[in-house]
Amino acid sequence: MTLNIRPDIAELEESKIVEVWRMGFDIPDVIGMWVGQGDLPTPRFICDAAARALAAGDTFYTHKRGIPELRQALIDYHRDLYGVEIADSRIAITSSGMNAMMLIVQTLVSAGDNIVCVTPVWPNIFAAIQIQGGIARHVPMTGTDHGWELDLDRLFAACDDRTRAVYLASPGNPTGWMMPEQQRRAVLDFARSRGIALIADEVYNRLIYDRRVAPSFLEIARPDDPLFVVNSFSKTWAMTGWRVGWIVLPEGLTDQVDRLIEFNTSGGQSFLQAGCVAAIREGEPWVKWMVERCKRGRDLVLARLSAMNRVSVIPADASFYLMLRVEEMGDPVEFCKRLVREARIGLAPGTAFGAGGESYLRLCYAQGEERLDEAMDRLESFLRQN
Ligand SMILES: Cc1ncc(COP(=O)(O)O)c(C=O)c1O
């Protein structure tokens with residue numbers, strides 16, 4: 001039987017990262033640095049809080065925008081991090097950062113509309129737009145010896161009267177790029193004046209090595225600005241498998257988003273949210289420790305890669321990724337597959353991340369130093385032989 005499904009859905013491509021990652025399922029000794037997560041399980045105190053709630057019978061439908069205790073914890077968290085007061089009506093707990101993005105795209109995009117994305121970036125945003133019948137426009141940054149650079153004029157020129165939003169991740173995946181202050185203000189002004197939404201993906205806001213938290217659009221925006229800030233429990237508290245995130249919404253959208261949550265998931269799991277309250281309220285020592293560990297990983301990998309022949313790497317002070325380039329590597333997907341088979345290491349091809357990423361590889365260094373050192377030995381010896 002051939003079933004007629006929507007062409008947009010039939011055309012959804014498998015992620016290039018997954019294509020390479022899948023190869024490694026049957027090879028036990030691969031050191032995987034391909035996926036966007038660390039090697040640590042969720043800290044015990046967070047699991048215990050969720051387990052207690054589950055055992056206590058916290059198993060019913062709950063508030064669509066999340067349990068009040070978690071919304072309050074997030075209000076306190078934003079005040080502590082940025083000195084800003086966020087109204088409860090602007091917070092929506094979502095079933096992951098991915099789900100947050102989907103809800104925002106559903107809110108904004110009709111068929112034929114577009115969202116302008118600063119790339120290279122986390123590719124799931126492109127799929128979210130495609131699923132809604134929209135078009136993802138890529139505005140590539142340029143990789144330089146000292147970091148990634150965005151040409152704002154190019155970003156603004158990519159917007160037209162069908163543009164519903166600008167999407168950017170700062171700190172960025174896969175680049176670790178952080179949008180400079182002046183650009184943040186200019187983009188926000190542009191969004192205000194054009195009535196275009198700004199989707200600020202701040203999922204990596206705590207993965208930063210020279211201060212406690214990355215700059216946020218929340219520090220410069222007004223409550224009525226067309227700003228959606230997306231965050232997630234996945235990266236900061238090692239909770240990728242929990243699937244919980246949140247959005248700080250523009251004022252006035254509470255009811256619409258409440259309704260959309262009803263028809264997408266009807267709200268998240270309340271016992272998981274009890275774990276999230278513990279993450280926010282008690283998690284700071286853990287975050288500090290985890291970020292210091294990531295920094296050691298970053299320093300190690302950066303030093304090792306910089307010393308390798310044929311390799312150039314773009315430095316970054318945030319996120320847990322580095323982008324590197326290998327001279328004469330040919331097609332990055334094929335090269336990554338060879339690295340899995342022959343060197344037993346897993347990297348993600350830059351082609352996965354949209355325009356500007358094509359000639360790079362992404363490496364996630366959120367692992368112990370011994371394993372990273374071993375991975376660098378393997379890469380070095382592969383490059384020597386090939
Ligand atoms: C930039 C960015 N945004 C959002 C997400 C979504 O995170 P999650 O769906 O695990 O909450 C990711 C995950 O890799 C990401 O890298």
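**Entry 1: the open sheet**

In what order do the four strands of the open sheet come? I began here, keeping in mind that this is a predicted model. I read the order as β11-β12-β15-β14, and the pairing is antiparallel. The edges are taken by β11 (311-314) and β14, each of which pairs on one side only.

Next I went through the pairings around β15. Strand β12 (residues 321-326) is joined to β15 by four bridges, and the two run antiparallel. Within that pairing I found L322 opposite L363, and L324 has L361 as its bridge partner. On the other side I looked at strand β14 (residues 348-349), which pairs with β15 over two bridges, again in the antiparallel sense. There A348 is matched with R362 of β15.

Which way do the residues of β15 point? I noted L361 and L363 pointing one way from the strand (residues 361-364), with R362 and C364 pointing the other way. All of them are buried. A general reminder for my margin: side chains in a regular strand alternate between the two faces of the sheet.

**Entry 2: the whole chain**

I stepped back to take in the protein chain. I wrote down 13 helices and 15 strands. The C-alpha trace spans about 60 × 55 × 50 Å along its principal axes.

Why does the radius of gyration fit a compact globule? For 386 residues such a globule would have a value near 21 Å, and the protein chain has 21 Å, so the two agree. I also looked up burial: 49% of the 386 residues count as buried. Among the contacts with a separation of 6 or more, 74% are between residues 24 or more positions apart.

**Entry 3: two domains**

How is the protein chain divided? I found domain 1 made of 7-41 + 285-385, and domain 2 made of 44-283. Their centres, taken over C-alpha atoms, are separated by 25 Å. The contact between them takes 35 residues from domain 1 and 35 residues from domain 2.

I then listed what domain 1 brings to the side that touches domain 2. At least two residues each come from α1 (7-10), α11 (284-306) and β12. The most come from α11, with seven residues. By class I have 21 nonpolar, nine polar and five charged residues on that side of domain 1.

**Entry 4: a strand and a cis bond**

Is β3 mostly enclosed or open? Strand β3 (residues 114-119) has five of its six residues buried, so the rest of the structure largely encloses it. I followed its pairing to strand β4 (residues 135-140), which is parallel and runs over six bridges. One of the matches there is V116 with R137 of β4.

Moving along, I came to the peptide bond from T119 to P120, which is cis with omega near 0°. P120 sits in the loop between β3 and α6 (124-131).

I looked for another cis bond and found the one from N173 to P174, with omega near 15°. P174 belongs to the loop between β7 (163-169) and α8 (181-194).

**Entry 5: around the ligand**

N173 came up again when I turned to the ligand. Which residues of the 13 around the ligand come nearest? They are G97, M98, N173, S232 and S234. I sorted the shell by class and got four nonpolar residues, eight polar and one charged.

**Entry 6: two arginines and a glutamate**

I checked the backbone angles next. For context, most residues other than glycine have a negative phi, and most peptide bonds are trans.

R243 has a positive phi, near 65°. I placed R243 in the loop between β9 (227-232) and β10 (245-248). It has 19 C-beta neighbours inside 10 Å, so R243 counts as partly exposed; buried would take 20 or more.

R344 also has a positive phi, about 60°, without being a glycine. Its place is the loop between α12 (332-343) and β13 (345-346). Why does R344 count as partly exposed? I counted 18 C-beta neighbours inside 10 Å, and R344 is put in that class because of this number.

Last, I looked up E370 in helix α13 (residues 369-385). E370 counts as exposed because there are 9 C-beta neighbours inside 10 Å. I also noted L300, 70 residues from E370 in sequence, with 9.9 Å between them in space, C-alpha to C-alpha.

Methods: Residues are numbered from 1 along each chain as its sequence is written. This is a predicted model: local features need pLDDT of at least 70, side-chain atom pairs count only at pLDDT 80 or more; totals for chains, interfaces and linings use all residues. A residue is buried if 20 or more other C-beta atoms lie within 10 Å of its own, exposed if 12 or fewer, and partly exposed in between; C-beta atoms are placed from the backbone. Two strands pair if DSSP finds at least two bridges between them. A residue is near a molecule or strand if its C-beta atom, placed from the backbone, lies within 6 Å of it. Ala, Val, Leu, Ile, Met, Phe, Trp, Tyr, Cys and Pro count as nonpolar, Asp, Glu, Lys and Arg as charged, and the others, Gly among them, as polar. The radius of gyration is taken over C-alpha atoms; the globule rule is 2.2 Å times the number of residues to the power 0.38. Two residues are in contact if their C-beta atoms, placed from the backbone, lie within 7 Å. Domain bounds come from an automatic or database domain assignment.
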